[in-house]
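Visitor: I should like to take a close look at a single part of this protein. Please guide me through that part and its surroundings in one connected account.

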Amino acid sequence: LAVLEEFKGTGMRAEIVNWASSQAVSNGCLYIRLDCHANNTPLCKYYENQGFKLVDSKELPNVNTAYYQKSVQ
């Protein structure tokens, strides 16, 4: 999930998450999942504020990854 810099602060990310949630429901999914750089604290906080829960993280040689999921049911 990425938005152009010019769309930051416009609510575009939330719209995309809402769209993905509705698509997941339509397809019988229980969750939507995403990953991001674990060191990007503002982004991690944003996802947590959108209802995502941290379910795992992995420290790899070049990047620390945080794995999130959100119930859509």
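Is Thr 65 buried or exposed, and why does it count as such?

Guide: The model shown here is predicted. Thr 65 counts as buried because its relative accessibility is 8%, and the term applies to values under 20%. This residue belongs to strand 3, which covers residues 64–71.

It is helpful to place that strand within the whole. The protein contains two helices and three strands, and along the sequence these elements follow the pattern α-β-α-β-β. The chain has 73 residues, of which 25% count as buried; Thr 65 is one of the buried residues. Taken along the principal axes, the C-alpha atoms fill a box of roughly 35 × 30 × 20 Å.

The next matter is what surrounds Thr 65. When its neighbours within four places in sequence are left aside, Thr 65 is in contact with Asp 35, Cys 36 and Ala 38, and also with Asp 56, Ser 57, Lys 58 and Leu 60. Contacts between distant positions can also be considered for the protein as a whole: among contacts with a separation of 6 or more, 51% join residues that are 24 or more positions apart.

Two of the residues in contact with Thr 65, namely Asp 56 and Lys 58, deserve separate attention. Their side chains form a salt bridge, with a distance of 3.2 Å from N to O. Lys 58 counts as partly exposed because its relative accessible area is 41%, which lies between the limits of 20% and 50%. Asp 56 is likewise partly exposed, because its relative accessibility is 35%. Thr 65, at 8%, is therefore buried, while it touches both partners of this salt bridge.

The count for the protein comes to two salt bridges. The other joins Lys 8 and Glu 5, whose closest N and O atoms are 3.9 Å apart. Here both Lys 8 and Glu 5 are exposed, whereas Lys 58 is partly exposed, as is Asp 56.

These pairs may finally be set against the charges and the surface of the protein. There are 7 positive and 7 negative side chains, and the centres of the two sets lie 7 Å apart. The protein exposes about 5,300 Å², and carbon and sulfur atoms supply 50% of that area.

Technical notes
Residues are numbered from 1 along each chain as its sequence is written. This is a predicted model: local features need pLDDT of at least 70, side-chain atom pairs count only at pLDDT 80 or more; totals for chains, interfaces and linings use all residues. Side-chain values use heavy atoms; hydrogens and water are left out. Helices (H or I, at least four residues) and strands (E, at least two) are DSSP runs, numbered from the N terminus. Buried means under 20% relative accessible area, exposed over 50%, partly exposed in between (1.4 Å probe, protein chains only). Contact means heavy atoms within 4.5 Å. Accessible areas come from the Shrake-Rupley method with a 1.4 Å probe; for residues, only the protein chains shown count as cover. Lys and Arg count as positive and Asp and Glu as negative; His and the chain ends are not counted. The place of a charge is taken as NZ of Lys, CZ of Arg, CG of Asp or CD of Glu. A salt bridge is a side-chain nitrogen of Lys or Arg within 4 Å of a carboxyl oxygen of Asp or Glu.
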